[in-house]
Structure formats: structure tokens, C-alpha cells
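Thanks for asking me to look through this one. I have put my comments together as a short list, to be read beside the coordinates.

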Amino acid sequence: MRILRTGLSLIFLAVAGVVLVYPALYNGFILTTADTGGYLAAAVPGTAAPGVAPLYGYLLAKLQLNGTWWPLVVAQGALVLWLLHLVRRSHGLSGSAGGLVLTTAFLVALTGVAWVTTLATPDLFVPVLVLAL
């Protein structure tokens, strides 16, 4: 019975992840801004422009797999899902995966969390840090 419950939890987490990154899936590519290239260039030592976070550039460079940035979207989505789970747990809500799917769907429908999660920019970390407080 526990294996079945674990399997269902993994399915629910996968559904929550897909719901969270649907803008990139619909688009067929991750969402980028004019600054994305600057962040990627900042990964090369000595080329960081003022105001560009080289640490995020390193993250972009390391998560680029065979010319695609889908691992970045998966990593950012996993970070947001994990944080939503922690926020639910800290407010005394159950740790069920179904509840996490409902919370994620609610936030995706009423906020811009899905757009920010699929955007290749460090702006994702502002709401993440606010929730982490």
C-alpha cells in the first residue's frame, strides 16, 4: 500500500511541476528576456557587465544541456514546488501531494508564478526569498 501511495505522490508532483511550467511547454522553449544573454556571458570570467549577476550566469551555463535550457526550467520549478510545500507545512496544512497540486494550480491561475518560474532570469529569486522569510 505504501508503494502505491508513493507512486501516486510522484504522479501528483509531476502534475504540479507540469502545471507550474506550462508557459514554457506551451511556448516550446523557455521564456527569455533581453538580459538572458548578458547573464550567460557573465559566466565567462571578466566579461560581467555592471548590474549582471555572474552567479546566475554560472547557473545558466551549468544547467545548459546539449544546447537547451530545459534543465533550468526543471530546477527552478522544483525549487518553487519545494518552497510551496514548506510554506504549506509551516502553516499547518497537510503535506499531501494532492494538496500541493491544488495549491500550485490555484497560484498558477491567480498569480504570475508560472511565468516567473519559466523565465531565464534571476528575478525568480525575489518571490522565492519573500516566501522563505
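The points below go from the whole chain to a few individual places.

1. A reminder before anything else: this is a predicted model, and the comments below should be read with that in mind.

2. Let us begin with the overall make-up. The chain holds 8 helices and 0 strands, and read from the N terminus its elements follow the order α-α-α-α-α-α-α-α. Its C-alpha trace spans about 55 × 35 × 25 Å along the principal axes.

3. How much of the chain is buried? Of the 133 residues, 32% count as buried. The accessible surface amounts to about 8,100 Å², and carbon and sulfur atoms account for 72% of that area.

4. On contact range, take the contacts between residues at least 6 apart in sequence: 65% of these join residues at least 24 apart.

5. Helix α4 is a nice one to inspect. This helix covers residues 54–62, and its buried residues are Y56, G57 and L60. These residues lie on the same side of α4, because the arc they cover around the axis is only 105°. As background, an α-helix has 3.6 residues a turn, so residues three or four places apart point the same way.

6. What do the buried residues of α4 pack against? Their partners are α3 (36–41), α5 (70–90) and α8 (125–132). On the face turned away from the buried side, α4 carries the exposed residues L55 and K62.

7. Do have a look at T118 as well, which sits in the loop between α7 (113–117) and α8. Is T118 buried or exposed? Its relative accessibility is 1%, so T118 counts as buried, the cut-off being under 20%. Leaving out residues up to four places away in sequence, T118 touches L20, V21, P23, A24, I30, L31 and V73.

8. Finally, the surface. Which residues form a nonpolar patch there? The patch is made up of L8, I11, F12 and V15, and together they have about 340 Å² of accessible area. One of them, L8, belongs to helix α1, which runs over residues 2–20. With a relative accessibility of 42%, L8 counts as partly exposed, because this value falls between the 20% limit for buried and the 50% limit for exposed.

Notes. Residues numbered from 1 in each chain as written. Predicted model: local features only at pLDDT ≥ 70, side-chain atom pairs only at ≥ 80, totals over all residues. Heavy atoms only, no water. Patch = residues over 30% accessible without salt bridge, like charges linked within 9 Å, V, L, I, M, F, W, Y side chains within 5 Å. Areas by Shrake-Rupley, 256 points an atom, 1.4 Å probe, with all protein chains shown as cover. Salt bridge = Lys/Arg side-chain N within 4 Å of Asp/Glu carboxyl O. Helix = DSSP H or I, 4+ residues; strand = E, 2+ residues; numbered from the N terminus. Buried < 20%, exposed > 50% of the residue type's maximum accessible area, 1.4 Å probe, protein only. Arc of directions from axis to C-beta. Contact = heavy atoms within 4.5 Å.
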